[in-house]
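Here's a quick tour of a small set of features worth finding in the viewer. Keep the sequence and the 3D view open side by side as you read.

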Amino acid sequence: MTQLLLLFVALLVLVHVPPGRSEFKRCWKGHGACRPYCTKYETYMHLCPDASLCCLPYGLKPLASKPENV
């Protein structure tokens, strides 16, 4: 009986676990993800249409262009 109760509790917990990355919308030509916050391995680029952050991995962040001397 306790094993049945343990199985029921485990299944109940698994139902409430959100899916992995599929819950986040893609941004920046499919390389970034729209999230409420960025991880420590990502950088913020701009806001997504739903006002969340567009997070890019550090390796994909475009470099700022240097102004030319006139």
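Let's start with Glu42: not counting neighbours within four places in sequence, Glu42 is in contact with Arg35, Cys55, Leu56, Pro57 and Tyr58. Bear in mind that this is a predicted model. From Glu42 we'll go on to the disulfides, then to a serine and a leucine, and finally to a patch on the surface.

**Glu42 and its partner**

- You'll find Glu42 in strand β3, which covers residues 42-47.
- Is Glu42 buried or exposed? Glu42 has a relative accessible area of 11%, so it goes down as buried, the cut-off being under 20%.
- Arg35, one of the residues Glu42 touches, is buried as well.
- The two side chains, Glu42 and Arg35, make a polar contact of 2.6 Å.
- That pair is also a salt bridge, with 2.6 Å between the closest N and O atoms.
- Side chains of opposite charge can pair when their charged atoms come close.
- How many salt bridges turn up in a search of the whole structure? The search finds 1.

**Three disulfides**

- Searching the whole structure turns up 3 disulfides.
- Counting the bonded cysteines along the chain, the pairing pattern is 1-5, 2-4, 3-6.

*Cys27 and Cys54*

- Cys27 is joined to Cys54 by a disulfide, with an S to S distance of 2.0 Å.
- Why does this pair tie together parts of the chain that are 27 residues apart in sequence? Cys27 sits in strand β1 (residues 25-27) and Cys54 sits in strand β4 (residues 53-57), so the link bridges those two parts.
- Look along the S-S bond and you get 95°, making the link of Cys27 and Cys54 right-handed.
- Cys27 and Cys54 are both buried.

*Cys34 and Cys48*

- Another disulfide connects Cys34 with Cys48, again listed at 2.0 Å from S to S.
- This pair links distant parts of the chain, 14 residues apart: Cys34 is in strand β2 (residues 32-35), while Cys48 is in the loop between β3 and β4.
- Is the disulfide of Cys34 and Cys48 left-handed or right-handed? The torsion about its S-S bond is about -90°, so this disulfide is left-handed.
- Both ends are tucked away, as Cys34 is buried and so is Cys48.

*Cys38 and Cys55*

- Cys38 and Cys55 form a disulfide too, and their sulfur atoms are 2.0 Å apart.
- Here the linked parts are 17 residues apart, with Cys38 in the loop between β2 and β3 and Cys55 in strand β4.
- With -85° about the S-S bond, the link of Cys38 and Cys55 is left-handed.
- Cys38 has 21% relative accessibility, so it counts as partly exposed: buried would need a value under 20%.
- Cys55, at 1% relative accessibility, counts as buried.
- Remember that Cys55 is also among the residues in contact with Glu42.

**Ser52 and Leu47**

- Ser52 belongs to the loop between β3 and β4, and that loop holds Cys48 too.
- Ser52 comes in at 12% relative accessibility, so it counts as buried, since that value is under 20%.
- Which side chain makes a polar contact of 2.7 Å with the side chain of Ser52? The partner is Asp50.
- Leaving out residues up to four places away in sequence, Ser52 touches Cys34, Arg35, Pro36, His46 and Leu47.
- Two names on that list should ring a bell: Cys34 and Arg35. Cys34 is in the disulfide with Cys48, and Arg35 is in the salt bridge with Glu42.
- Leu47 lies in strand β3, the strand that holds Glu42.
- Beyond its neighbours within four places in sequence, Leu47 is in contact with Ser52 and Leu53.
- Leu47 and Cys27 are 20 residues apart along the chain, and their C-alpha atoms are separated by 9.4 Å.

**A nonpolar patch on the surface**

- Which residues make the nonpolar surface patch of about 610 Å²? They are Met1, Leu4, Leu7, Leu11 and Leu14.
- Met1 is in the segment before α1, a helix given as residues 2-15.
- Met1 has a relative accessible area of 83%, so it counts as exposed, the cut-off being over 50%.

Terms used: Residues are numbered from 1 along each chain as its sequence is written. This is a predicted model: local features need pLDDT of at least 70, side-chain atom pairs count only at pLDDT 80 or more; totals for chains, interfaces and linings use all residues. Side-chain values use heavy atoms; hydrogens and water are left out. Helices (H or I, at least four residues) and strands (E, at least two) are DSSP runs, numbered from the N terminus. Contact means heavy atoms within 4.5 Å. A disulfide is a pair of cysteine sulfur atoms within 2.5 Å. Buried means under 20% relative accessible area, exposed over 50%, partly exposed in between (1.4 Å probe, protein chains only). Patches are made of residues with over 30% relative accessible area and no salt bridge: like charges are joined within 9 Å, nonpolar side chains (Val, Leu, Ile, Met, Phe, Trp, Tyr) within 5 Å. Accessible areas come from the Shrake-Rupley method with a 1.4 Å probe; for residues, only the protein chains shown count as cover. A salt bridge is a side-chain nitrogen of Lys or Arg within 4 Å of a carboxyl oxygen of Asp or Glu. A polar contact is a pair of N or O atoms within 3.5 Å; within protein, one must be able to donate a hydrogen and the other to accept it, and residues adjacent in sequence count only if both atoms are side-chain atoms.
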